[in-house]
Amino acid sequence: MWRLFTRVCPRARGSEAFAGLRELSLKTSPELKVCIIGSGPAGFYTAQHLLKYHKSAVVDIYEKLPVPFGLVRFGVAPDHPEVKNVINAFTQTAHHDRCSFYGNVTIGKDISIEELKQAYHALILTYGAEANRTLGIPGENLLGVYSAKMFVGWYNGLPENRNLNPELSSETAIILGHGNVALDIARILLSPIDSLRKTDIAAHALETIAASKVKRVLLVGRRGPLQVAFTIKELREMINLPDTCPLLNPSDFEGLKQIVKDLPRPRKRLTELMLKAALEKPSGEEAERRATASKEWGLQFLRSPLEVIPSNDGKRVAGIRLSVNKLEGLGESAKFVQTEDVEDVECGLMLSSIGYKSHPIDPSVPFDQQQGIIPNNLGRVLHAPGLYCSGWVKRGPTGVIVTTMHDGFETAESVLEDARLRVLDVSASKGGYQIMEALLKQRGVHPVSFSGWERIDNVEVANGEKAGKPREKLLDVQEMIEVANQ
């Protein structure tokens with residue numbers, strides 16, 4: 001899922017000299033109490049920048065789960081441990097003497113936005129995109145049909161998805177979507193079980209996938225090869241996946257050789273790799289590997305779901321009806337148009353990977369239902385002084401971790417600028433967590449501190465060592481709280 005690009009990041013705004021002046025001007029500023037809602041990458045990167053450049057900023061991060069790190073913990077594929085290394089930087093931020101973490105606190109339920117506004121100078125909403133987009137077609141609620149979000153949460157140990165128990169008893173699985181999440185799911189379904197045993201995949205998922213009958217995964221997209229959203233790293237992993245053979249129809253790539261040279265470099269390299277897999281006959285070891293493969297995967301283009309076909313008893317998925325599309329326009333902006341042609345594909349498992357969406361957190365916070373974001377300007381929530389946003393709830397569920405890093409820095413810069421220009425009134429002191437602590441105690445809510453999370457972390461790592469894994473995640477929220485309070 002989220003891919004981390006390691007590179008030097010320019011500061012969000014201004015030169016080194018400007019940054020120095022800004023830092024100097026903020027050293028003697030009044031204390032700035034900031035509340036961040038959500039402890040994923042957007043929350044931590046925003047906190048990191050605020051703490052670095054405002055020497056009087058006090059940052060409290062609230063999270064509804066007892067554990068931090070959001071999609072880095074629950075979204076990144078278990079076989080991509082290198083992407084999770086950002087947790088080390090986030091831990092450093094959490095250990096900062098002006099930063100605190102309060103898990104197991106649900107904003108909007110345990111504490112209201114209005115109560116937080118009374119206790120902090122600035123509120124930054126970084127709670128991500130927790131809902132999934134629906135297909136809006138007949139049969140999507142049949143047994144055997146799952147959203148990518150639920151399936152990824154299931155194999156990554158997200159407490160709310162631990163009882164999903166997907167049935168993997170059919171040979172063919174259909175994944176709707178051509179993004180990195182779709183490829184992640186396909187790879188997890190088809191990976192050799194021994195390689196998954198070495199990851200932090202949830203134990204229940206490992207057991208189910210070990211008994212899986214899935215041998216064929218088809219990834220279906222509405223547009224063509226030039227419009228796929230996955231990246232070259234994920235495609236290369238699929239092509240090289242042991243004991244699998246790619247199924248790419250050469251006719252889907254007709255005419256692309258002539259135009260590939262004119263594409264932007266990332267798209268050019270990605271398309272060249274697809275062309276090679278589809279058109280070039282493998283030789284040597286690769287030919288032998290494909291010939292002896294027991295599993296296969298393929299990309300289907302220009303197809304849109306019309307309805308999920310039910311089994312004879314009407315209870316579960318037996319297939320999917322697809323419209324055959326055509327493209328109008330060129331390049332990445334080309335639109336698909338459905339034709340009158342349809343085709344049916346048999347499958348016993350269907351996963352919808354068509355994107356995530358954010359939801360409104362509170363009636364007092366502006367929200368654009370159509371775009372699924374909080375309307376903002378450089379992270380400043382429109383018509384709501386003192387409110388800011390960052391990450392997916394700010395820009396939509398797109399991009400990789402480095403995108404979110406830049407995004408968080410930009411929002412932090414807006415807060416710093418507003419404090420410096422006194423658009424944000426920091427003259428009156430605010431009670432911050434001291435006020436929230438009293439309210440939470442009255443309401444019987446027991447927050448989990450970062451040291452409490454580290455106790456959970458130690459138990460998970462110890463349990464993982466026994467099983468030869470990096471960690472064995474705790475799946476029950478109550479158990480997490482008990483461990484945190486030991």
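**Salt bridges, cores and local geometry**

Lys117 has a relative accessible area of 29% and is therefore partly exposed. The structure described here is a predicted model. Lys117 takes part in a salt bridge with Glu114, in which the closest N and O atoms are 3.3 Å apart. Both residues belong to helix H5 (residues 113–119), where their spacing of three residues corresponds to about one helical turn. An α-helix has 3.6 residues a turn, so residues three or four places apart point the same way. Glu114, at 38% relative accessibility, also counts as partly exposed, since this value falls between the limits of 20% and 50%.

In total, 33 salt bridges were counted. A second pair within a helix is formed by Arg290 and Glu286, whose side chains meet at 2.8 Å, N to O. These two residues lie four apart in helix H13 (residues 284–291), about one turn of the helix. Their accessibilities fall into separate classes: Arg290, at 16%, counts as buried, whereas Glu286, at 23%, is partly exposed. The assignment of Arg290 follows because buried means under 20% relative accessible area. Elsewhere, salt bridges with shared partners join Asp79, Glu82, Asp184, Arg187, Lys233 and Glu237 into one network.

The pair Arg162 and Asp476 also forms a salt bridge, with the closest N and O atoms 3.1 Å apart. This pair links distant parts of the chain, its members being 314 residues apart. Arg162 is placed in the loop between helix H6 (148–155) and strand S7 (172–176), and Asp476 in the loop between helix H17 (450–467) and helix H18 (477–484). Both ends of the bridge are partly exposed, Arg162 with a relative accessible area of 30% and Asp476 with 25%.

The largest nonpolar core comprises 54 residues. Within this core, Phe151, Tyr155, Ile185, Leu189, Val217, Leu219 and Met274 touch the most other members. The greatest contribution to the core comes from helix H7 (residues 180–190), which supplies eight residues. For Phe151, the contacts beyond four places in sequence are Leu164, Pro166, Leu168, Ile185, Leu189 and Leu351. Another core, of 47 residues, lies apart from the largest one and includes Tyr45, Leu65, Val402 and Phe450. In soluble globular proteins, nonpolar side chains tend to be buried together.

Gln300 is located in strand S10 (residues 295–300). With residues up to four places away in sequence left out, Gln300 touches His178, Leu218, Leu219, Val220, Gly221, Leu322 and Glu343. One of these contacts, Leu219, is among the core residues with the most contacts to other members. The C-alpha atom of Gln300 is separated by 8.5 Å from that of Asp252, although the two residues are 48 apart along the chain.

Leu322, a contact of Gln300, is also the bridge partner of Pro305 and lies in strand S12. The pairing of strand S11 with strand S12 (residues 317–328) is antiparallel and extends over seven bridges. These strands belong to an open sheet of three strands, arranged in the order S11-S12-S13 with antiparallel pairing. The edges of the sheet are strand S11 (303–310) and strand S13 (335–346), each of which pairs on one side only. On average, neighbouring strands of the sheet are turned by 20° against each other, direction ignored.

Helix H15 (residues 401–420) contains 20 residues, and its end C-alpha atoms are 28 Å apart. This agrees with the expected span of 28 Å, because the helix should advance 1.5 Å a residue and the expected span is 1.5 Å times one less than the number of residues. H15 is mostly covered, with 15 of its 20 residues buried.

Arg422 follows H15 and is found in the loop between H15 and helix H16 (433–442). Arg422 has a positive phi of about 65°, although it is not a glycine. Its relative accessibility is 68%, so Arg422 counts as exposed. Phe69 likewise has a positive phi, of about 90°, and is not a glycine. The place of Phe69 is in the loop between strand S2 (57–62) and helix H3 (70–74). With a relative accessible area of 1%, Phe69 is buried, whereas Arg422 is exposed.

Notes. Residues numbered from 1 in each chain as written. Predicted model: local features only at pLDDT ≥ 70, side-chain atom pairs only at ≥ 80, totals over all residues. Heavy atoms only, no water. Contact = heavy atoms within 4.5 Å. Buried < 20%, exposed > 50% of the residue type's maximum accessible area, 1.4 Å probe, protein only. Core = buried A, V, L, I, M, F, W, Y, C linked by side-chain atoms within 4.5 Å. Pairing = 2+ DSSP bridges. Axes fitted to C-alpha atoms, helices over the stretch in contact; angles between N-to-C directions. Salt bridge = Lys/Arg side-chain N within 4 Å of Asp/Glu carboxyl O.
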